[in-house]
Amino acid sequence: MATLVPPPTTPPPAPAAEAVKPEKVDYMDLPCPIPYEEIHREAMMSLKPDHFEGMRVDFTKGLNQKFSLSHSIVMGPMEVPSQSAETIKIPTANYEFGANFIDPKLMLFGRVYTDGRLSARVKCDLSENLIMKANAQLTNEPHMSHGMFNFDYKGTDYRTQFQLGNGNLLGASYIQSVTPHLSLGGEVFWTGQHRKSGIGYAARYNTDKMVASGQIANTGMVALSYVQKVSEKVSLASDLMYNYMSRDVTASFGYDYILRQCRLRGKIDSNGCTSAFLEERLNMGLNFLLSAEIDHKKKDYKFGFGLTVGE
Amino acid sequence: MAAKKSSSEGVLSRVSSTISESPIVYRGKRAASDAGFVAKKLLKSTGKAAWIAGTTFLILVVPLIIEMDREAQLNELELQQASLLGTPAVGVPQKYGSNGVKFKQKQNERKQQQHQLV
């Protein structure tokens with residue numbers, strides 16, 4: 001008869017059960033959803049930083065609380081679309097001058113380039129829930145200028161947008177929060193110039209730690225993305241784009257490290273393309289950029305460095 | 001006798017020709033050339049794979065290691081400074097955690113502004 005170990009007393013289960021009682025969902029008080037065009041926002045920010053080739057220097061000088069000027073120099077090879085399979089790169093250098101006016105109710109952005117392009121963007125809060133945005137780009141080449149107006153209305157748990165553009169472009173989209181975590185939306189558009197119309201649906205599910213979103217359009221595009229926040233500084237993202245008309249699939253997987261002094265985003269693709277983008281804060285108001293993109297299939301290598309001065 | 005002689009004259013050459021033309025030797029030669037071909041292809045494809053793996057590692061992993069190292073150095077420096085100045089160590093990571101969040105928030109704000117107007 002060995003000494004018997006007394007059975008352990010069962011811990012009281014009551015406190016745990018009370019703490020984990022789920023909150024009752026109040027369907028009349030759902031949060032406002034993300035705007036329709038930003039449904040893939042986390043995935044786009046993590047997986048698609050703006051890679052560039054060559055040198056880029058941006059200088060922003062604030063003259064006022066609300067008004068600032070920006071100068072930007074971009075030098076490097078630009079890709080020219082060509083009929084043959086090889087990419088043709090032509091070294092170009094560009095200077096861009098811009099002015100920004102930022103007010104809580106009105107935002108104006110204007111840019112002028114040395115190759116004769118002019119672009120302007122306006123965002124105006126007409127009332128608390130109605131926002132008007134306009135976007136125009138003028139170029140020297142004929143028939144390449146375009147402009148677009150957007151009217152956004154934000155309700156308590158839905159958003160709608162109406163779009164009007166040149167070339168007889170009309171579009172509308174609507175997105176609604178269905179539960180505190182899930183929002184569903186749809187869009188329709190019609191182009192008069194090409195006589196095309198399209199309809200699309202999107203869904204987005206997000207919790208504190210992850211965001212999953214999907215979008216399907218009748219132009220044949222299916223885009224799914226998933227972003228998981230692994231820790232405060234690290235998040236991993238993956239993305240699948242499938243075109244069921246042209247049977248074209250691209251999957252990509254990337255990481256996004258946000259550390260104190262830098263932000264590093266790396267990505268690998270199913271097209272054999274790997275890329276990385278590093279923004280490092282050298283000093284207050286001074287950021288150093290490095291961008292690298294290697295395409296193993298096409299043997300195309302692009303590396304760039306840049307500097308961003310100003311807030 | 002004569003038959004024996006004629007057969008014995010060509011014995012060496014016949015033996016060597018039987019050996020060199022025997023199916024075993026023929027098969028062995030073919031196997032050797034196939035093996036050589038496969039080995040050359042394997043070497044080339046290993047070389048290609050090593051090149052792709054190496055450059056991908058260089059682009060994806062090396063900056064990460066460098067940045068994580070710098071972050072660890074910065075942490076150590078702050079911990080040292082905190083212990084020198086006598087401030088409690090608990091307060092330090094929070095303060096700089098919010099700084100990192102500020103960097104991200106500023107970036108997010110800028111990107112959101114740009115995205116909103118696109």
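Trainee: Which residues does A:Tyr257 touch, leaving out those up to four places away in sequence?

Mentor: From chain A, the contacts are A:Lys233, A:Val234, A:Cys262, A:Arg263 and A:Leu264. From chain B, they are B:Leu64 and B:Met68. Keep in mind that this is a predicted model.

Trainee: Is A:Tyr257 buried or exposed?

Mentor: Buried. Its relative accessibility is 16%, and the cut-off for buried is under 20%.

Trainee: Which residues make up the largest nonpolar core?

Mentor: There are 8 of them. Chain A gives A:Val234, A:Tyr255, A:Tyr257, A:Leu259, A:Cys262, A:Leu264 and A:Leu278. Chain B gives B:Leu64.

Trainee: Which elements give two or more residues to this core?

Mentor: Two strands of chain A: E15, residues 248-258, and E16, residues 262-269.

Trainee: And why would nonpolar side chains be buried together?

Mentor: That is a general tendency of soluble globular proteins.

Trainee: Back to the tyrosines. How are the rings of A:Tyr255 and A:Tyr257 arranged?

Mentor: Edge-to-face, because their planes are at 90°. The ring centres are 5.7 Å apart. A:Tyr255 is buried too, with a relative accessible area of 12%.

Trainee: How many aromatic pairs are there over all chains?

Mentor: A search of the whole structure gives 4. One of the pairs is A:Tyr158 with A:Tyr174. Their planes are at 35°, so that pair is tilted. The centres are 5.8 Å apart.

Trainee: Where do A:Tyr158 and A:Tyr174 sit in chain A?

Mentor: A:Tyr158 is in strand E8, residues 158-165. A:Tyr174 is in strand E9, residues 169-177. They are 16 residues apart, so the pair links distant parts of the chain.

Trainee: Are A:Tyr158 and A:Tyr174 buried or exposed?

Mentor: Neither label fits. A:Tyr158 is partly exposed, at 26% relative accessible area. A:Tyr174 is partly exposed as well, at 36%.

Trainee: Which residues form a cluster with A:Tyr158?

Mentor: A:Tyr153 and A:Tyr174 join A:Tyr158 in one aromatic cluster.

Trainee: New topic. What sits over the ring of A:Phe52?

Mentor: The charged end of A:Arg56, 4.8 Å from the ring centre. There is also A:Arg117, which lies over the face of A:Tyr113. That distance to the ring centre is 4.2 Å.

Trainee: Now chain B. Where is B:Gly10?

Mentor: In the loop between helix H1 (2-9) and helix H2 (11-21). B:Gly10 is buried, at 18% relative accessibility.

Trainee: What separates B:Gly10 from B:Thr56?

Mentor: Along the chain, 46 residues. In space, their C-alpha atoms are 65 Å apart.

How values were computed: Residues numbered from 1 in each chain as written. Chains lettered and ligands numbered in written order. Predicted model: local features only at pLDDT ≥ 70, side-chain atom pairs only at ≥ 80, totals over all residues. Heavy atoms only, no water. Phe/Tyr/Trp six-rings, centres within 6.5 Å; stacked < 30°, edge-to-face > 60°. Helix = DSSP H or I, 4+ residues; strand = E, 2+ residues; numbered from the N terminus. Buried < 20%, exposed > 50% of the residue type's maximum accessible area, 1.4 Å probe, protein only. Lys NZ or Arg CZ within 6 Å of the ring centre and 35° of its normal. Core = buried A, V, L, I, M, F, W, Y, C linked by side-chain atoms within 4.5 Å. Contact = heavy atoms within 4.5 Å.
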